[in-house]
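Grab a pencil and work through a few exercises on the structure shown here. Each one sets a task and then walks through a solution.

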Amino acid sequence: VKIKVDNLRKAKQTDEQAITAVHEAGHAVVCAALLGEVPVKVVAASAGGGEGLNIIKWKKSRSKEYTLSMAAVYLAGIEAEKMVFGGMHASAIGAQNDLEEVTNLISEMVQGSGLQNPWNAHPEPVRNAQRKLRDVDHKTVVLIEEMLISAKEKAAAILKKHQKAFHALSLELFATPVMDREQVRAVFAENGLEASALKDYYRNKLLALGKT
């Protein structure tokens with residue numbers, strides 16, 4: 001059986017791969033900077049052509065802060081393309097799925113989870129078949145749009161702040177389309193980006209109650 005995955009490691013260095021390298025580097029940089037986690041793997045090409053992916057292990061317990069950071073990670077690929085190629089030349093490759101995922105993520109946060117108050121703008125909320133709160137006058141839609149804009153701006157700011165690491169990883173992915181966590185971490189370390197996740201936050205907060 002011939003496995004096509006090995007072909008991914010061969011850099012074709014086409015326009016499609018250039019777009020994908022920049023897009024995926026954007027996701028990886030913002031993930032490391034905001035969440036303190038380097039993706040498990042970053043792929044800047046697929047067996048079928050110019051698609052890529054970041055394998056990220058999202059946390060199951062998602063606070064408001066973590067969810068907003070996730071949103072910035074989703075939007076970082078698009079913002080990365082705009083920064084390198086210009087807004088008029090950003091590609092639809094990968095963007096549609098990112099936008100769908102981030103919109104669903106923020107919509108659930110606002111309308112379903114209760115992490116963002118007010119999650120319902122009407123004094124008498126209407127419930128659907130899944131018993132999720134609905135906004136009959138569309139005020140939460142405006143809130144969702146505002147949060148998505150905020151996440152987009154945060155992603156752009158992170159990429160600008162860590163431009164050296166962003167550019168370095170983009171070029172590395174253009175030359176080496178498949179990189180594992182340690183390879184990506186090494187590129188970041190060489191270019192001033194140290195990923196450091198906040199460990200045991202909830203555990204330490206709870207144990208601190210016994211010390212007061």
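Before we start on sheets, one definition: two strands pair if DSSP finds at least two bridges between them. Keep in mind too that this is a predicted model.

**Exercise 1. Get an overview of the chain.**

Task: Find how many helices and strands the chain has, and in what pattern they follow each other.

Solution:
- Start with the count: the secondary structure comes to eight helices and five strands.
- Next, read along the sequence, and you get the pattern α-α-β-β-α-α-β-β-α-α-β-α-α.
- Then look at burial: of the 212 residues of the chain, 39% count as buried.
- Last, check how far apart contact partners sit in sequence. Take the contacts between residues at least 6 apart; 71% of these join residues at least 24 apart.

**Exercise 2. Put the sheet in order.**

Task: Work out the strand order of the open sheet of three strands, and say which are the edge strands.

Solution:
- The order is S2-S1-S5, and the pairing is antiparallel.
- Now for the edges: strand S2 (53–55) and strand S5 (178–180) each pair on one side only, so by that description they are the edge strands.
- How much are neighbours turned? On average, neighbouring strands of this sheet are turned by 10 degrees against each other, direction ignored.
- Zoom in on one pair. Strand S1 (residues 41–43) and S5 run antiparallel and are joined by three bridges.
- To spot the pairing in the 3D view, look for Val 43, which stands opposite Val 178 in S5.

**Exercise 3. Describe two helix crossings.**

Task: Describe how helix H5 (residues 139–161) crosses helix H4 (residues 95–113), and then how H5 crosses helix H2 (residues 15–35).

Solution: What do we need for this? Two packed helices are described by the angle between their axes and the distance between the axes.

Take H4 with H5:
- Their axes come within 10 Å and cross at roughly 130 degrees.
- That angle makes H4 oblique to H5.
- As for handedness, H4 passes H5 in a right-handed crossing.
- On the H4 side, the contact uses Val 102, Thr 103, Ile 106, Ser 107, Met 109, Val 110 and Gln 111. On the H5 side, they meet Thr 140, Leu 143, Ile 144, Met 147 and Leu 148.
- Sort the residues of this contact by class, and you have eight nonpolar, four polar and no charged.

Now H2 with H5:
- Here the axes come within 9 Å and cross at roughly 90 degrees.
- Angles of 65 to 115 degrees count as roughly perpendicular, so H2 and H5 are roughly perpendicular to each other.
- H2 brings Gly 26, Val 29, Val 30, Ala 33 and Leu 34 to the contact, while H5 brings Lys 154, Ala 155, Ile 158 and Leu 159.
- By class, the contact of H2 with H5 has seven nonpolar, one polar and one charged residues.

**Exercise 4. Look at three residues of one helix.**

Task: Decide whether Leu 75, Thr 67 and Glu 81 are buried or exposed, and list what they touch. In the contact lists, skip neighbours up to four places away in sequence.

Solution: The cut-off we need is that buried means under 20% relative accessible area.

- Leu 75 is in helix H3 (residues 64–85). Its relative accessibility is 7%, so Leu 75 counts as buried. Leu 75 touches Leu 99, Val 102, Leu 148, Ala 151, Lys 152 and Ala 155. Its C-alpha atom is separated by 9.3 Å from that of Val 30, although the two are 45 residues apart along the chain.
- Thr 67 also lies in helix H3. With a relative accessible area of 4%, Thr 67 is buried. Its contacts are Arg 62, Leu 105, Ile 106, Met 109 and Leu 115.
- Glu 81 has its place in helix H3 as well. At 1% relative accessibility, Glu 81 counts as buried. Glu 81 is in contact with Ile 19, Val 22, His 23, Gly 86, Ala 90, Ser 91 and Ile 93. Gly 26 is 55 residues away along the chain, and the C-alpha atoms of Glu 81 and Gly 26 are separated by 8.0 Å.

**Exercise 5. Place a loop residue.**

Task: Where is His 162, and is His 162 buried or exposed?

Solution:
- His 162 sits in the loop between H5 and helix H6 (163–175).
- Its relative accessible area is 15%, so His 162 is buried.
- Beyond residues up to four places away in sequence, His 162 touches Val 29, Ala 33, Gly 192 and Leu 193.
- Look back at Exercise 3: Val 29 and Ala 33 are among the H2 residues in the contact with H5.

Definitions and conventions
Residues numbered from 1 in each chain as written. Predicted model: local features only at pLDDT ≥ 70, side-chain atom pairs only at ≥ 80, totals over all residues. Heavy atoms only, no water. Helix = DSSP H or I, 4+ residues; strand = E, 2+ residues; numbered from the N terminus. Axes fitted to C-alpha atoms, helices over the stretch in contact; angles between N-to-C directions. Parallel < 35°, antiparallel > 145°, perpendicular 65-115°, else oblique. Left-handed = near helix turned anticlockwise from the far one by under 90°. Contact = heavy atoms within 4.5 Å. Nonpolar A, V, L, I, M, F, W, Y, C, P; charged D, E, K, R; others polar. Buried < 20%, exposed > 50% of the residue type's maximum accessible area, 1.4 Å probe, protein only.
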